[in-house]
Amino acid sequence: MAKHVKDEQTTAMWKIIAIVGASVAALAIILFILAYGGVLDAVSSLFGNGEDTGTTQTTLPTTTTTSTPPPAPVYRKPDTMNGMWLTPGRDYYLSEKNTGAAVQKQIDSAFEAAESWAFNTLLLPLDIEDDTRVIYPSTVAAFPEFTDADGKEFDPVTYAITKARERNMYTYVVLDLHVRDGEEWDPRTDLGSQRILKMVEEAAVRYKVDGFFISGFAFDLKQVKSEERDGTITALNALMEKVTTCISQVDQNYYTGLLSYGIWAHKSVDERGSETGEYYEEFTDGCADTLAWLEKGLFQCVMVQNYTSTAHPTASFQNVLKWWDAVAEKQQLPLYISHCANRIGSYLAGWKSTDQLAQQYLYCKSATAWQGSCYDSFTSLNADTSGMTETLKRAFEGTLDEEFIYKKLTISVPNKTKYTTTESTITLQGAGDKNFPLTVNGQEMELTDRGYFSLFCQLSVGENQFVISHKGTTKTYTVTYKQMILQSVSPNSDMTVDGGNQFVISAIARKGSSVTASINGTSIKLTENELKEEESGNVPSDFAEYKGTYTIPKGKVGESVSLGAVKITATYNGLSETKTGGKLTVTALPVPTTTTTLTNGSGTTVPSGTPIPAPNENVEIVTIRSDYAETFSGGSLVDDYSRTYNSYLPKGTTDYLVSKVYYSNQGTTYNYYLLASGKRVYEKDATLSSGGLLTYTQLANGNMTVTDTHTQFSFDTTSCIPVYVRTKGQKYRLDTTSKTPSYDIAPYSQTTTDIDIEFHYLSEKPALPDISSSPLFSSAQWLYDEDSQAYVLRLTLKKTGGFYGVSTKWNGNTLQITFLNPANIANNTETEPLKGVSILLDPGHGSDNDKAWEAPYNLSYAQTLKTKLEALGATVDMTRTTHLGTGELSLQSRVQMSQTKGYHLVISVHMNASANGKATGATVHYYSENSYVPSKVIYDKMHEVETAYGVGTDANGTPRADGTVWGTLYMTRSIFHCPSVLLECAFLDNAKDKEALSNPEYREKLMQAVTDGVIKYFSQQK
C-alpha cells in the first residue's frame, strides 16, 4: 500500500480552495435566485468552461425571485435505518438477456422475499455491479434499454422506487462517481468533472427520492503518481463540493450522505487514523480525504461500507466501526453501516461463522453515533442456508443472548488434536455460544446456560475421531487407543544394592491384572494398589500400581554378585505382556572388624559423650540437608506411604546409616536411607559421610516461652540428635502395613489427647520443663521407650483435640520445638471476628505449562476469598497474585512460603477434574489430624451453597457423600506447623459445575461460605 501523509502544501491548497469555494458558493446563490434555470447551466457557469458535452440538458421550472430566505431543509430519514440494497447485476437484471418484464418480476420477488425482514429503507445503486454501465437512460454513461409489455421505455429504478413507496420505505439512490473507470471520468480534467456532474444532475432531477449516497470517488492504487498526489486531492475536494451543491440545488431537502469504503488511513500512516493495517485506505491510497469533507460539513450523514469481519486480522469490523463512530460523534452526524452480506459463507476470515452478521449488528448497537444498518445484498441474505441470516433476525428481535454471542468454540480437554493413549476413555470438554448448536460427530451436545459441555467417550482400539462443529468452525480430534496391559516396570535401570535388605519391585499395569516378577530364580507375586496422587485434580486411571517385596541375598566378602534382570509379567483377560527391567547387583561386603555393642537398657544412665554403637561395620553418618525431611516407617516395612505419625526431621539432624533402601512408585525408583533411630528418609533430603562417631548427649535448659501465637520449648545439646514428634490418642480409619492405609479420622473427628516428643541418644532422663504458663498443655512427664531406646516427653493437652501444629528446628546445637497456640480472638468484635488471625492462600498452579486451564479460576477464587477474609480483620498473604507466564511456582516453594510466618491456617485453592466428566461438587482435602476440623466446617458451608445451584448432587438432586477427604497431597502433608486444607471448588470437566464456577455470583457465594467456615473454625478455639 502507498504510504503518504498530507504535507504543508496540501494544507495551503485547502486554504485556497476554501476561499475560492466561498466565492463560488456566493455567486451560485446569486445566480440561483436571479434566474432559476437549468441546473447544469448554472453549475457549468460556476465550475465549467461551457464546453458542449453532446448531451441533452434537462431544465427545471423557473421560479419567482423573492427576497425572503429559503426555508430550512427538511430531511427525510428513518429514526433507525434497517435497510436493504437492491443492486442491478446482483439482485435483479441477472442476465444480459433479461427483458423489462423479467427485470420487473425479479424486483417484485425481491420485495416479496423481504417482507419478513421489516426493512424500512431501500438503497438503489444506479451502476451495474462489476460493470461501467448504469441501469437508467443516461446521456453520459452506457446503459441497457428495457421496454415494458406495451413497448414503452421501462426504467427499473423508477419501478423499484414505486414499489418501495408502496411499502412506506425510505429510498435513497447510490451515486457512483466512477472515478476509477478511466480518463473520461477523471475529475482532474474538465471533461471528466463535467461528465460526473452531468450524471449527478441527471439522477437528482430524474428520481424523486429521499436522498443520495455518494460513492466511487477514490482512485485506485496505481492511478495516481506520487508527484500528482497533492493536485489529485485538490481536484477531488473541489469535485465533492460541486457534487453536493448540485444535489442541494435540485432539492435542498435531499438527505445527502457520504458512502465511505471503510478506512480513511491507518494510524501507522497518519496519527489521526484507525487501529488498522494492510488494507486499502481512501485517503492514503485513493487521495479521497473523506475526513476533511465531513469536517467541512458537505454531508448530512455518513454510511461506511464496513465489509471486513470481526475476525479480520488487520482491519477488524469493530476497529473500523470504532474509528468512524468517534468521527461521526465529533461532527454530530448520523452514522450508518453497510454490511457485506455478499460474503456470507466465503473463505474469508470470520465469514463462515453463523453469528458474524449478528455480532456486527450488536457491535453497532453499542456505538454512540450509529443510527442504523443496511445489507449490501438482499439476495445473499435470502439465499443463505448457513443460519447466519436467521441469527441476524434473532439479533433484530432481541432474542439472542448477547452475553455469549462473541464466544467461539473452545476445547479445553483434550489439549492436543492428535495423540495416542493407553487409557480406554477420554473426556471431551469445552464451551461455545449457547445461541447455536454444538455437535460432536453429528450429535448435538447439551450446553449449559453459560455454554459449557462435557462428553465422556469410550474408545475403541485403534484410531478414534471426534469432529466438533459450532458456528461454522470445525475441530477434529484423532485419538489412538493403544490397548496396553503392562505400562512400566521398576527397577527400570541397572542398580547396585546392599545385601540383606528388602527391595520393592513394582509395575504399573491395568487394574484387575495378575502380575508376577521373577529374579534370580525367585518368583514374587505383586499386589494391586492405587496410584499415589502428588497433586490435586489427578484423573483416575485404568492402571494401578502393583508391588512386591524381594529380600536381597546377603553379599559376599570382597565380591559383588549379579542377580540378573527383573522380569515382570502381567495377565489381563487372557492376554499377557512381559517387560524386562534393570539388573540388580549385590554390593561386595568389606572385610569384617571386631566391634563392641553398648545397650542403653531401661533408662540406664550412659555417660554423656559415650560413643553410640554403630549399626554396621562400614560406619556412615546421615545429615539432613533439607529444611524438613519427611520420614517413613523403617525396619522391614518398605513402602512410600506417608503416615501422619511419622514426623519431619529438621535440617542438621544427624544419625547413623543402617542401610540403603529402594522402592518404586509409578515407574520411578525412590532411594532411602534407613536411620539407626528407626525411620527412613529420602536420599535427596540428606547427605552421607564416611567415618566419625556419634555420641550420647544431654538435654539442658529445657525452657518454655509463650507468646500470643506460639508455645516454644528450647533445649541445648552437644549434637543434633534425631527427635520425632507424634500425636497420641488419635483413631484412624485404617492403619495397616499390608495394604493401602487410610489415616482418615472423619468417623472420630480429632481425638488427640497427648503429644509425644521422642528424643534419641540421650545419656539420661532430663529435667521436666515448667509448663505452668502454657495455654496448650496441662501436664508433662518423661517416659522411656524400650523398643526404640529413646526418652519420650509426653505433653498432655488441656483440651482433647486442642493441637494446632508443631515444627522443630536446630539453631546451632539448640533444639527449638514450636507449637501453634489457639487463635487469640476471644475479645474480637462481630465486625472483625478474625482480627489477629493470619492466613496464607495458595492459588494452585499458575504458569502456562502448569494446568493453565485451571489456574485463572484458582486465582480469581483466591482473590475473592482474600478480600472477604481481610474485611473481617484477618491478615492474608498469597503465594501468587498474578499469572506466572512461563515461570513456575513449585510445590516446595509454596510450602517454604508457609513457613516464613506464624500462619494460623493455609488454604490451597483448586478446581477438580475426573475420569468421565460426571463427578460433581466441592471436596476439601486434609492430611494431619489438626487439619480435619477446618476442612470439615469449610466443606459443610460450601456444600450448603453448591446444592442451591444443583452442584454436588446426582441427576436426581440427591447430595453426594461427605466431601471432606483425607489424602497425601503435597500441600497438605508437607505443612505441619499449622492446619492446611486444599479446596477443590468443583469439577471443571463437568459442564454443570463449570457453568457455576464461571458465574461471578457463584464465586462470591462459595467464597463467602469458605469465609463462614473459617470463622466457625476459629470461633471454636475461644
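This is a chat between a student and a tutor about the predicted model shown above.

Student: What should I know before I start, and how many helices and strands does the protein chain have?
Tutor: This is a predicted model, in which local features need pLDDT of at least 70 and side-chain atom pairs count only at pLDDT 80 or more, while totals for chains, interfaces and linings use all residues. Residues are numbered from 1 along each chain as its sequence is written, and side-chain values use heavy atoms, with hydrogens and water left out. The protein chain has 17 helices and 45 strands, where helices (H or I, at least four residues) and strands (E, at least two) are DSSP runs numbered from the N terminus.

Student: What share of the residues counts as buried?
Tutor: Of the 1022 residues of the protein chain, 54% count as buried, and buried means under 20% relative accessible area, with exposed over 50% and partly exposed in between (1.4 Å probe, protein chains only).

Student: Which residues touch the most other members of the largest nonpolar core?
Tutor: They are Leu86, Leu177, Phe212 and Ile214, in a core of 118 residues; a nonpolar core is a set of buried Ala, Val, Leu, Ile, Met, Phe, Trp, Tyr and Cys residues joined through side-chain atoms within 4.5 Å. Helix α6 (residues 229-250) gives the largest share of this core, with 8 residues. A second, separate core has 104 residues, including Ile825 and Ile907.

Student: Switching to Thr171, where is it, and why does it count as buried?
Tutor: Thr171 is in strand β3 (residues 170-176), and Thr171 counts as buried because its relative accessibility is 0%. Leaving aside neighbours within four places in sequence, Thr171 is in contact (heavy atoms within 4.5 Å) with residues including Leu122, Ile161 and Val209.

Student: How many residues apart in sequence are Thr171 and Val209?
Tutor: Thr171 and Val209 are 38 residues apart in sequence, and from C-alpha to C-alpha they are 5.7 Å apart in space.

Student: What order do the strands take in the open sheet of 6 strands?
Tutor: The order is β41-β40-β42-β45-β43-β44, with mixed pairing, and two strands pair if DSSP finds at least two bridges between them. The edge strands, each pairing on one side only, are β41 (875-878) and β44 (964-966), and the twist averages 25° from one strand to the next.

Student: What about β42 and β45, are they parallel or antiparallel?
Tutor: Strands β42 (residues 905-912) and β45 (residues 980-987) run parallel and are joined by 6 bridges, and the bridge partner of Ser908 in β45 is Leu982.

Student: Back at the edge strand β44, is Thr964 buried or exposed?
Tutor: Thr964, which lies in β44, is buried, with a relative accessible area of 8%. Not counting residues up to four places away in sequence, Thr964 touches Val924, Tyr926, Tyr932, Ser935, Lys936 and Tyr939.

Student: Last topic, how do α14 and α17 cross?
Tutor: The axes of helix α14 (residues 932-948) and helix α17 (residues 1000-1019) come within 8 Å and cross at roughly 145°. Axes here are lines fitted to C-alpha atoms, for helices over the stretch in contact, and angles run from 0 to 180 degrees between N-to-C directions.

Student: Which residues of α14 meet α17?
Tutor: Among them are Val933, Val937, Lys941 and Val945 in α14, while those they meet in α17 include Leu1006, Ala1009 and Tyr1017.
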